[in-house]
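Open your viewer, bring up the cartoon view and keep the selection box handy. We will take a short walk from one sheet out to the whole chain.

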Amino acid sequence: MQLEPKDVYEKLEFDKVLRLIEVECLGELGKNQVRQIRPITRKAQIDRMLREVEEFKRTIDNNDRFPISSYADISRDLELLKVPDFVLPEEALGRINIVLRFVHEIISYFNDDRRALYPGLHDIISELVFDSSLIDEIERVIDEEGNIRADASPKLQKIRKNIGAKQKEMDKQFRSVINEYRNKGWLTDNVESFRNGRRVLSVPAEHKRKIRGIIHDESSTGKTAFIEPEAIIGINNDIFDLEQEEKREIYRILKELSAVLRPYAPNIESYQKIQVRYDVIQSKAKIAVRMSANKPRLREKPIIGFQEAYHPLLLLKNKDGGKVTVPFDMKLFKPNRLLLLSGPNAGGKSITMKAVGLLQLMLQSGMLVPVHEESEMGVYNKIFADIGDQQSLEDDLSTYSSRLQNMKTFLDHADRQTLILIDEFGAGTDPKIGGAIAEAILREFNFKKVFGVITTHFSNLKIFAYKTKGIVNGSMAFDKEHLAPTFQLGIGKPGSSYAFEIASKSGLNKEVMEYAKHRTGANEKAVDQLLVDLQQEKAELEEKMAKILGKEEQLDKLIRNYDHLHKELEVRRKRVKLEAKEQALQQVARDNKELENLIREIKEKQNLEEAKKAAVKVKEERKKIKEEVVTLRDQVFYTPTAKERKKGPIKVGDYVKLRTGGATGQVESLEKGKAVIQMGLMRMTAKVKDLQHASEPLDVQQSRSVNTDTITQNTSFQSKIDIRGMRMEEAYKVLEDFFDQALMVGASQLRVIHGKGNGVLRKAVQMKLKEYDMDVTMSHPEQEFGGDGVSIIDIN
């Protein structure tokens, strides 16, 4: 993503959001990765990251603890491990074991239920290769505190046992020596100490020649000598030898363990990366919980469609201070792409504009944002922001010059995939000239079809926005009675600066205000008011038009329902007629028997001419009824649907299935209204009119049990399901099975009955559908057919 200027993070305060996330990380590697976060422009990647954070947020909301805790960086340990014959110390092995245990706990965490609840989080480790025996190997040597276990090997166990016995022997001997010399008055009050790793006696200098042994040290004053008694020198030497033997055995054990782990170094490196990835996800999720953030509807192309949106940092600040934060709605309908925001100072214009940029940076960095989940947000390739004082002493640029430099950069690089954010557009120079230049730049931005939010006080820009397609005025509402901002955004009309009212309230004397009003003139205020009135009328007309469009859409829906019911009624009418004709045909068959009896009687009376006439008449009546039955059957059962008409007649190579249901096959040949169909290992012949188009079958393993199950699902699948009364987890599982079967049989329309209630199950249907990469249209029938309690899903 291209960001201009280079300090856009600071201008939009995105750096503060990153610091909040960094604090929530459990390891230094996670913090480093957060510091390196950059917005991305691929919709699929953004959607995956958002889904992962949303699912982790759900684990927090459900109090379903995810098994992740603090961890250390083991990259240096792994580098050393890759060196042939290098022996890792026990501290490094302990750190590696923490990573291995993390992976083991994560794999255990994702049981069948959690895989269904958190599919995005599970996908991270779904293809992971892990050998749990590595944990056993390390924990056979290293205990929970990171020390070498006493039973790491039989030899080490024996050595430590001998050391313990020698230490007991030394304690006994040392106590005997102390008692002897203490009785003689040859020891100080401290009695004993440690020097050079040896246990020694604390002896006054005047007695040091009386005790046989080795003098290891003296006090700084020289009044005390530290002597190792002769009686325990041999024991200490034995202990020293055993300790050296212990070190050699520990080195051997660690060398063997390092050799076992060495081939797995690349795997362990990937495990740490996964640990860091989960760490960043959980830190984003924790901030999302604090912000009550959601995943909006993500669109491939740029779009501004905020509902109940908040400035993230302002929301957290007010939340901590117990204050209320006012949300804003900002939905720009085609062809509008640029919002020109006006209104009084301190009314919230700049905060709202910054919020748009900050929310977009957060979204494209894989963070949930504090907006309503029905909000729509697009993907931008470039974000340009001109905010605050741009004065540069180093480049010898004034504030206005530096802003013009920014405008040049924006105009050179802006396109349809660009979001621009400009504060106090045109300010910093003579109002007339500055306003004219700003209008020319705004005109060019609109020509390039960029998206953006621009704040201004200039009337000429408000008028230009009113007259120009693609730009819409907006304002921050102001309480005229109390002269206080309400921080509520209104789109469709410009705002007044209320400069005179605010100046009067600030205490400027009456004479100053009267002079100012006189110098301003009536025209300026009249133009401003006229613009507000015109924009109000335009907004009212647009509102009426929206209502008309809504009613038109409702009428179209009613017409579609009517057509559907009419078709059903027509089919039923034809079925009734068909049944009547079939009954008539059966009656004719019965009459035929009577006729045959009559002919037999006539033959017996030798009246052959009369018998022939009667037989011909009966045959004609029977043929006529049979033709009517065939015609009705074709109308009821063989009339092609709109979808079949669109696909055209069946051709060689098409995938088809019988209208009565069954497995899918491929047409091998067509001849005289009949088709030869290959179904797996079986070939069959059927009339073309008995066939209908079908989707290409799934490539499943050719085992008897799988084929049987697939055919059973095809023939028994019901396109309607009732999930009323189910818990969320149960509904997720049932819906997943239902949608999977629908995809397998190629269903085009599904009906889910979830009831109205508090909307939880309806939301579950929407969330589960988002997990499937398919183009669907979701609607609700009329009230008499279930209304909002039923979701109709058309698979396009």
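In what order do four strands form an open sheet here? The order is E21-E22-E24-E23, and the pairing is mixed. As you look, bear in mind that this is a predicted model.

**Stop 1: the edges.** Select 720-722 for strand E21 and 776-779 for strand E23. Each of these two strands has a single partner strand, so one side of each is left without a neighbour in the sheet. Now turn the sheet and follow its twist, which averages 20° from one strand to the next.

**Stop 2: a strand pair.** Keep E23 selected and add residues 790-795, which make up strand E24. E23 and E24 pair in the antiparallel sense, over four bridges. To see one bridge up close, show Met778 and then Ile793, its bridge partner in E24.

**Stop 3: the helix across the sheet.** Next, select residues 728-745, helix H24. Helix H24 lies across E21, E22 and E24. Add 749-753 to bring up strand E22, and compare directions: H24 runs at about 165° to E22.

**Stop 4: the whole chain.** Zoom out and colour by secondary structure; the protein chain has 25 helices and 24 strands. Of its 796 residues, 39% count as buried. Switch on the surface, and you are looking at about 45,600 Å² exposed by the protein chain, with carbon and sulfur atoms supplying 50% of that area. Finally, consider the contacts in the chain with a separation of 6 or more: residues 24 or more positions apart account for 69% of them.

Technical notes: Residues are numbered from 1 along each chain as its sequence is written. This is a predicted model: local features need pLDDT of at least 70, side-chain atom pairs count only at pLDDT 80 or more; totals for chains, interfaces and linings use all residues. Side-chain values use heavy atoms; hydrogens and water are left out. Two strands pair if DSSP finds at least two bridges between them. Axes are lines fitted to C-alpha atoms, for helices over the stretch in contact, and angles run from 0 to 180 degrees between N-to-C directions. Contact means heavy atoms within 4.5 Å. Buried means under 20% relative accessible area, exposed over 50%, partly exposed in between (1.4 Å probe, protein chains only). Accessible areas come from the Shrake-Rupley method with a 1.4 Å probe; for residues, only the protein chains shown count as cover.
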